[in-house]
Amino acid sequence: MHIYHYDPSTGEFLAAAEARADPRDPERFLVPRGATASAPPVAMVGQARVFLEGSWQYVPDHRGETWYRGFGVPVVVSRLGDPAVAGLTSAEPAAPPPTNDEVDAERQRRIDQGAEFDLVGGLTIAITGRQRDQTTLTGVYMVALAQHGAGETGQTLVYRDRTNVNHMLTPQQVIDLYLKGLQWITAIMQVSWDMKDGAGIYTDGIPADYVEDDHWPTPADLAV
């Protein structure tokens, strides 16, 4: 007589075996706990044969497959049953649309990171756009305006760049640096506003790849 073992926790079919005769009654066969004399149905791909409530049933078997709890949240299925019941999806959901806050954060990251600016006289200076750096440059700019108005043309002003290198600049170079930096920040701001407002080239709203450099202007893209 054949008996069919199943997992005592899940009911999943494990193996067939020959039943042992009852030593007290040779015509009677022993069916231990976790086994049944009822034969399971034929095996099917993607289904587990499970003994539940006294009978064999097919139960979806997606173990080892990767399903998704949400965008960027993969889950390797480890249990029998339909993962959809637990709110999982077999295909990764689309990424949620970028938010205004995310655009603002990307804008600020770029401004804080700063850029390199080519100045009159063939000098290139890298600056950051952090608030304290803008305040420092504005102060030097105000002095440069006064000196420029007085006819000063020498390298009378010191400015420390993004790489912590000091530069002696003429009033005209400081003015050039300030105006180019202001123009660049204004252009960065405008791109972020257009994205959020669905304006300009962003009539479809914030693009999914809004963090890519192609969307954001560099000093080389601008002309004073």
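User: How is the word "buried" to be read, and what is the relative accessible area of W56?

Analyst: Buried means under 20% relative accessible area, exposed over 50%, and partly exposed in between, with a 1.4 Å probe and protein chains only. W56 has a relative accessible area of 13%, so W56 is buried. The model is predicted: local features need pLDDT of at least 70, side-chain atom pairs count only at pLDDT 80 or more, and totals for chains, interfaces and linings use all residues. Residues are numbered from 1 along each chain as its sequence is written, and side-chain values use heavy atoms, with hydrogens and water left out.

User: How many helices and strands does the protein have?

Analyst: Helices (H or I, at least four residues) and strands (E, at least two) are DSSP runs, numbered from the N terminus. The protein has three helices and 13 strands.

User: How is the overall spread of the protein judged from its radius of gyration?

Analyst: The radius of gyration is taken over C-alpha atoms, and the globule rule is 2.2 Å times the number of residues to the power 0.38. For 224 residues the rule gives 17 Å, whereas the protein has 36 Å, so the protein is more spread out than a compact globule. Along the principal axes, its C-alpha atoms fill a box of roughly 120 × 40 × 25 Å. Buried residues make up 34% of the 224 residues.

User: How does one describe a pair of aromatic rings, and how many aromatic pairs are found?

Analyst: A pair of aromatic rings is described by the distance of the centres and the angle of the planes. Rings of Phe, Tyr and Trp (its six-membered ring) pair if their centres lie within 6.5 Å; planes under 30 degrees apart count as stacked, over 60 as edge-to-face and the rest as tilted. A search of the whole structure finds six such pairs. In one of them, F13 and W56 have ring centres 5.9 Å apart and planes at 75°, so this pair is edge-to-face. F13 lies in strand 2 (residues 13-18) and W56 in strand 7 (residues 55-60), so the pair ties together parts that are 43 residues apart in sequence. Both residues are buried. F51 and W56 also form an edge-to-face pair, with 5.1 Å centre to centre and 65° between the planes. F51 counts as buried, at 14% relative accessibility. Y6, F13, F51 and W56 form one aromatic cluster.

User: What is a nonpolar core, and which element supplies the largest share of the largest one?

Analyst: A nonpolar core is a set of buried Ala, Val, Leu, Ile, Met, Phe, Trp, Tyr and Cys residues joined through side-chain atoms within 4.5 Å. The largest has 27 residues, and those with the most contacts inside it include F117, Y159 and L177. Helix 3 gives the largest share of this core, nine residues. Apart from this core lies another of five residues, among them Y4, Y6, F13 and F51.

User: How is the length of helix 3 checked, and what follows the helix?

Analyst: The expected span of a helix is 1.5 Å times one less than its number of residues. Helix 3 (residues 171-197) has 27 residues and reaches 39 Å from its first C-alpha to its last, close to the 39 Å expected. G198 follows helix 3, with a positive phi near 65°.

User: Where is E53 found, and is E53 buried or exposed?

Analyst: Most residues other than glycine have a negative phi. E53 has a positive phi, near 50°. E53 is found in the loop between strand 6 (47-52) and strand 7, and is exposed, with a relative accessible area of 83%.
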